[in-house]
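Colleague: Before we discuss the packing and the enclosed space, could you put the model up for us to look at together?

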Amino acid sequence: MDYLLLPVFSFIIGIIVGLTGIGGASLITPMLIFIFHVPPSVAISSDVVAATLMKVVGGVKHWQQKTLDLEIVKWLAIGSVSGSLLGVGILHLLRSSREQNIDNLLLRLLGIMILIVTLTAFIQLLLMTFFPKVNLPALPKLNVKTNKGRFLTVILGAVLGFCVGITSVSSGSMFALVLIAFFRLDARKLVGTDITQAAILLMFTSLGHLTLGTVNWSLVFPIWLGSVPGVLIGAKLCQITPQRPLRFIIYSILIMVSWKLVAQA
């Protein structure tokens with residue numbers, strides 16, 4: 001593997017993440033599998049650990065700025081951390097079973113998750129672009145000050161956390177959609193709540209993946225080296241770049257990548 005190319009590609013992906021908000025796992029994990037021929041189990045675990053640093057830095061910043069909803073973060077994290085650890089536990093069981101080829105299974109699961117996340121965001125973008133006046137049925141708003149709201153928030157967090165634990169995908173994208181659909185957060189608190197919740201989730205998920213023994217630190221450090229400055233530059237460019245055409249292109253690429261992952265498994 002050419003480790004000099006890894007920070008370069010990670011830098012490009014970091015710029016895309018900063019520009020569009022598209023989750024890094026949807027791009028970095030397929031990059032490791034297709035370009036650098038890393039086994040899916042190693043790619044997923046290494047990506048989870050690599051993504052944690054960026055989320056923690058962002059979460060601390062939003063904590064300091066108070067641009068987040070701590071109650072929503074707390075109840076989502078209770079569910080997502082539990083679900084994620086369950087997902088990692090299942091990976092442990094699969095690794096101990098000689099009858100199951102874990103890399104082929106993870107390849108298929110990864111493709112399905114990226115396809116679900118991308119299609120959801122793509123459909124939302126199409127509706128906003130071509131049918132801005134369409135009034136879709138509103139989902140019930142969850143109130144974490146009630147027992148019912150807390151219970152449903154924990155369940156939502158657990159389902160998405162389970163997906164993150166197994167595939168590394170959707171720690172940001174799907175949670176952002178949930179925050180928009182069920183909590184009606186404004187843009188300022190949406191980003192902070194999403195990043196902070198993802199930081200807590202990924203810290204525990206990273207610990208779980210470290211116990212699997214599939215984290216490759218020679219992959220993690222170059223990803224950090226490239227992606228962190230890339231995200232910062234992308235965030236700056238975001239102010240002057242037309243978002244919708246760029247997202248159409250990226251989503252189209254992700255749909256093709258996810259289909260290739262599923263087909264290859």
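Colleague: Which helices each supply at least two residues of the lining of the largest cavity?

Modeller: This is a predicted model, in which local features need pLDDT of at least 70 and side-chain atom pairs count only at pLDDT 80 or more, whereas totals for chains, interfaces and linings use all residues. Residues are numbered from 1 along each chain as its sequence is written, and side-chain values use heavy atoms, with hydrogens and water left out. A cavity is a set of points on a 1 Å grid over the protein atoms alone where a 1.4 Å probe fits but cannot get out, and its lining residues have an atom within 4 Å of a point. Taking helices as DSSP runs of H or I of at least four residues, those that each supply at least two lining residues are α3 (40-65), α4 (70-96), α5 (102-130) and α8 (187-212).

Colleague: How much space lies in the largest cavity?

Modeller: A search of the whole structure finds one cavity of 30 Å³ or more. With volume taken as the space filled by probe spheres set on grid points joined across faces, edges and corners, the space in the largest cavity is about 50 Å³.

Colleague: Which helix gives the most to the largest nonpolar core?

Modeller: A nonpolar core is a set of buried (under 20% relative accessible area, 1.4 Å probe, protein chains only) Ala, Val, Leu, Ile, Met, Phe, Trp, Tyr and Cys residues joined through side-chain atoms within 4.5 Å. The largest has 45 residues, and L32 and F183 have the most contacts inside it. With seven residues, the helix that gives the most to this core is α7 (residues 173-183).

Note on methods. Buried < 20%, exposed > 50% of the residue type's maximum accessible area, 1.4 Å probe, protein only. 1 Å grid on protein atoms, 1.4 Å probe; cavity = no way out; pocket = protein on both sides within 12 Å on 5 of 7 lines; lining within 4 Å.
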